[in-house]
Amino acid sequence: PPMPQNCNADAATVKHWKSALARALSALDATLALAGRTLTVGIVGGSISAGSGVNHPRLTFAGELTAGSERLRVVNRAVRATGSAFPSFCLEELLPEPVDVLVVEFATNDGHFGEAMRDRSLGAPSSGSSTMAAHDSAHDRGPRLGPSASMERLLRRVRLRWPSAEPLILYMCRPPRQPAAPPCEGLYSDVATAYHTRELSLAKAMGEAISNVAWAEGVHPDCAGHVAAAAIIAAELLRRTRERPSEHQPLPTVPLHLDASWERLDVAWSCRTCDWRSCDRLQPDAASHGFVERGFSTARVPTLRTPSGGLAVHSWQTRKWGFASDTLGDALELSVPASSHVQVALLCSYRSVGRVGISLGLGGERTYDLRWSDRSSQQCIVDVGRSAAKPPIQELRLRVASERAEGNLVKVFGVYTQVMRERPSPLGAGDRPGAR
């Protein structure tokens, strides 16, 4: 049966922003029609953009934009439980098609899970300890995968890949209820300024009316919040379309937050990842011993038939696709290139996650604890280290390392690699800051 499309939100608020959205989209369509153009808008974000908090994809801000315009093509590639680190490594995989505008919505996830926990990375186990917890690694590795560095890496990829595209940072933040609330609003302002990127704020646009928005799980706005977000995006698209195209801005000569001794700035990361649909891009090319592809349902809707006749799972049905196992000793073996920096994205601090053992090439296994003290459901990134120069293809092995009684789920989302320089500089400085 079809899902309900009821917007059970404050009626006056919905009516006001529906009207604003209709006016903006009507003017946008007219402007684009005169120019004989269409506009492609890409979206990368977390669970808010993916639709948590509303009961139908039509009620998301992406759905509102799509339904209200004949000249907009909206490509929503939001993936639940992710932060800006994910597309900063995997933009090409999420959005292989070119876009004119890219809406980036990660501030809630990055602010709470990125800034409060410093990052979602797990560093190497400290000396004298065989297990490393996520929060223990933040001091030495946090800034490299934290919100500011991740957003800068993402904006650099956008500018280099689509020089004429305009990124828009969207803050869909619940107003803080207490002084110690995690940061959200304006989280990336320094990066946005340096990269000439517009910031849009739901709270600033709605003003006092944002008190009429209900927030599921304390962070996911209802359909009133989504229609308001669609209206402010549409108004920004209209402004952009009416104005003369701005000159392409050069990248900052010196990066603000990226560490050129840790990653190269002239070469994109290679990403093999589960995405909003499945894990087709992340297959156990070496072997799988008990790990299976797993997501879980969010709504009962008919599956879609692909052109080849097979069944495809609609993005609204599933989330958190990954290769998973909860049996002690099960293993997943993947291939990675030689002379590369290797990272693995995993599910952290979910209901029953445990410990994972990871080995790279001929190196020994290290164990990492995936349980945060703050129970949540987010990705974390394990910085595995660097593969050896030979052989050309090496094995990355992940193993369930916990007994069932203490929580033992391991779910793998993706593997990110970046080829190292053949001849590092004497100081190990990596790339010259700002080099391409």
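**Exercise 1.** Which residue of strand 7 is the bridge partner of Y171?

*Solution.* The model is predicted: local features need pLDDT of at least 70, side-chain atom pairs count only at pLDDT 80 or more, and totals for chains, interfaces and linings use all residues. Residues are numbered from 1 along each chain as its sequence is written, and side-chain values use heavy atoms, with hydrogens and water left out.

Step 1. Strands (E, at least two residues) and helices (H or I, at least four) are DSSP runs, numbered from the N terminus.
Step 2. Strand 6 (residues 166–171) pairs with strand 7 (residues 198–201) in the parallel sense, over 4 bridges; two strands count as paired if DSSP finds at least two bridges between them.
Step 3. The partner of Y171 is S201. In addition, L168 stands opposite R198 in strand 7.

**Exercise 2.** Place strands 6 and 7 in their sheet, and describe the unit that they make with helix 8.

*Solution.* Step 1. An open sheet is formed by 5 strands with parallel pairing, in the order 2-1-3-6-7.
Step 2. Strand 2 (72–76) and strand 7 are the edge strands, each pairing on one side only.
Step 3. From one strand to the next, the twist averages 25°; axes are lines fitted to C-alpha atoms, and angles run from 0 to 180 degrees between N-to-C directions.
Step 4. Together with helix 8 (residues 189–194), strands 6 and 7 make a right-handed β-α-β unit. Right-handed means that, with the strands pointing away from the viewer, the path from the first strand over the helix to the second runs clockwise.

**Exercise 3.** Describe the largest cavity and its lining.

*Solution.* Step 1. On a 1 Å grid over the protein atoms alone, a cavity is a set of points where a 1.4 Å probe fits but cannot get out, and lining residues have an atom within 4 Å of a point.
Step 2. There are 3 cavities of 30 Å³ or more, and the largest has a volume of about 150 Å³, this being the space filled by probe spheres set on the points.
Step 3. Its lining comprises 18 residues; R153, R157, R264, L265 and V267 lie nearest the centre.
Step 4. Helix 4 (85–94) and helix 7 (147–161) each supply at least two lining residues, and the largest share, 6 residues, comes from helix 4.

Key
1 Å grid on protein atoms, 1.4 Å probe; cavity = no way out; pocket = protein on both sides within 12 Å on 5 of 7 lines; lining within 4 Å.
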